Amino acid sequence: MSAKPTVFSGIQPSGNLHIGNYLGAIKNFAANQAQYHNYFCVVDHHAITLPQEPAALRQQTLELANAYLAAGLDPTEVTLFVQSHVSEHTEMGWMLNTFVYFGELKRMTQFKEKAGKRQEEVNVGIFDYPVLMAADIVLYDADFVPVGEDQRQHVELTRDIANRVNYRLGEGTLVVPEALIKKEGARIMGLDDPTKKMSKSATTPRNYIALLDDADTIRQKLRAAVTDSGADIRAGEDKPAVTNLLTIYSLFADVPVPVLEERYAGKGYADFKRDLTDVVIDSLAPFQARLRELDANPDYTAAVLKEGAERARAKASTVLTRVKGRMGYVLPFS
Ligand code: AMP
Ligand code: TRP
């Protein structure tokens with residue numbers, strides 16, 4: 001057994017992966033993989049809470065697996081798998097449902113945002129989504145869950161559920177996980193509206209830079225990105241748009257924001273945006289090249305996902321059996 005702490009995280013194979021997913025999540029998974037025992041998952045069961053075109057779901061599932069690999073996740077260091085390949089997830093989700101209150105799920109910010117005024121009409125999967133997420137996490141005895149700021153509340157709920165399970169079934173039944181949220185990049189904002197987070201499901205592609213956008217598209221999108229009133233390039237609450245662009249620049253170039261502020265003192269948006277564009281294009285280029293190689297070699301991805309599912313299942317089934325046994329289920333006869 002390794003003494004390293006365990007991390008688990010998941011991303012939905014829905015919509016277009018963007019630089020918010022990369023800077024807020026995937027890049028950090030890759031950077032920190034050697035410190036942890038890692039599980040990374042393509043959460044297809046979560047994606048179907050909004051209707052998906054079958055062909056698109058299939059393609060996006062494999063594309064996301066390749067994005068994890070292209071970002072530098074090493075399949076010998078990391079267990080990379082597709083959620084639906086490990087049926088323990090839905091089984092554990094069902095059991096955890098009995099430890100969660102209706103009112104708790106109704107209060108989840110993401111549910112309120114997704115359901116809007118039509119709470120009575122949304123599918124129950126959207127409502128129950130955080131419980132499946134809790135199941136994902138506890139099945140691997142995960143200590144840490146690296147995510148963007150938007151998922152903090154769901155990890156808090158997972159902690160509440162795990163504590164409740166431990167209270168009812170005995171200490172040590174489940175590991176109580178902690179969110180791992182970086183200060184910088186945890187919430188990259190929309191290029192068209194810096195008051196809302198960059199989102200896969202944005203109504204216009206001008207909101208985000210997709211991980212597969214070509215150089216011309218990136219150039220156009222950054223040229224069109226909104227800025228704040230006043231000409232100075234500095235971060236601050238009164239400058240949400242420029243702060244966001246500085247954050248993106250800083251994370252891609254690995255240069256602290258104050259250094260950038262100094263570099264652009266007295267210069268205008270044109271200079272700043274031109275350099276930012278180069279940084280984004282140059283930083284994404286090697287990632288995009290690896291992604292194209294992986295796309296051309298589907299057998300490799302399939303082998304990684306097959307082995308990942310086997311390793312994941314081995315761990316998940318022991319945790320599921322632990323919980324079933326303590327609850328009083330008669331375990332399958334062998
Ligand atoms: P999702 O796209 O909702 O499946 O999110 C996948 C991962 O990316 C999660 O860890 C999110 O918290 C993170 N993420 C999504 N959007 C952003 C954003 N705009 N800024 C930073 N992280 C994000
Ligand atoms: N709900 C997460 C999101 O939308 C995706 C997710 C599903 C997840 N299961 C998870 C993230 C488990 C971390 C751990 O971003």
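Is His18 buried or exposed at 3% relative accessibility? The legends below, which refer to a predicted model, begin with that residue.

**Figure 1. Surroundings of His18 in the loop between strand 1 and helix 1.** With a relative accessibility of 3%, His18 counts as buried, because buried residues are those under 20%. Leaving aside residues up to four places away in sequence, His18 touches Met198, Ser199 and Lys200. The contacts of His18 also include Tyr208, Ile209, Ala210 and Leu211.

**Figure 2. The bend in helix 1 at Ala25.** Helix 1 comprises residues 19-31, 13 residues in total. The C-alpha atoms at its two ends are only 16 Å apart, whereas a straight helix would reach 18 Å at 1.5 Å a residue. A bend of about 35° is located at Ala25.

**Figure 3. Packing of helix 1 within the protein.** Helix 1 is mostly covered, with 11 of its 13 residues buried. Among the buried residues are Ile19, Gly20, Asn21, Tyr22, Leu23 and Gly24. Ala25, the site of the bend, is also buried, as are Ile26, Asn28, Phe29 and Ala30. The strands against which the buried residues of helix 1 pack are strand 1 (6-11), strand 2 (37-42) and strand 4 (144-146). The helices that they pack against are helix 3 (54-70), helix 10 (240-253) and helix 12 (269-295).

**Figure 4. The shell around ligand 1.** Ligand 1 has 18 residues around it, of which Gly148, Asp150, Ile188, Met198 and Lys200 come nearest. Helix 1 gives the most to this shell, with 4 residues. A backbone N or O atom of Gly148 lies 2.7 Å from an oxygen atom of ligand 1, and a backbone N or O atom of Gln12 lies 3.2 Å from an oxygen atom of the ligand. From the side chain of Lys200, an N or O atom is 2.9 Å from an oxygen atom of ligand 1. Ligand 1 taken alone exposes 480 Å², and the protein buries 94% of that area.

**Figure 5. The shell around ligand 2.** Ligand 2 is surrounded by 13 residues, the closest being Gln12, Tyr129, Met133, Asp136 and Gln151. A polar side-chain atom of Tyr129 lies 2.7 Å from an oxygen atom of ligand 2. For Gln12, a polar side-chain atom lies 3.0 Å from an oxygen atom of ligand 2, while for Gln151 a polar side-chain atom lies 3.1 Å from a nitrogen atom of the ligand. Of the 370 Å² of accessible area that ligand 2 has on its own, the protein covers 92%. Strand 1 and helix 7 (124-138) are the elements that give two or more residues to this shell, and helix 7 provides the largest share, 4 residues.

Definitions and conventions
Residues numbered from 1 in each chain as written. Chains lettered and ligands numbered in written order. Predicted model: local features only at pLDDT ≥ 70, side-chain atom pairs only at ≥ 80, totals over all residues. Heavy atoms only, no water. Expected span 1.5 Å × (residues − 1). Bend = angle between axes of the 7 residues up to and from the residue. Buried < 20%, exposed > 50% of the residue type's maximum accessible area, 1.4 Å probe, protein only. Contact = heavy atoms within 4.5 Å. Near = heavy atom within 4 Å. Polar contact = N/O pair within 3.5 Å; in protein donor to acceptor, adjacent residues only side chain to side chain. Areas by Shrake-Rupley, 256 points an atom, 1.4 Å probe, with all protein chains shown as cover.
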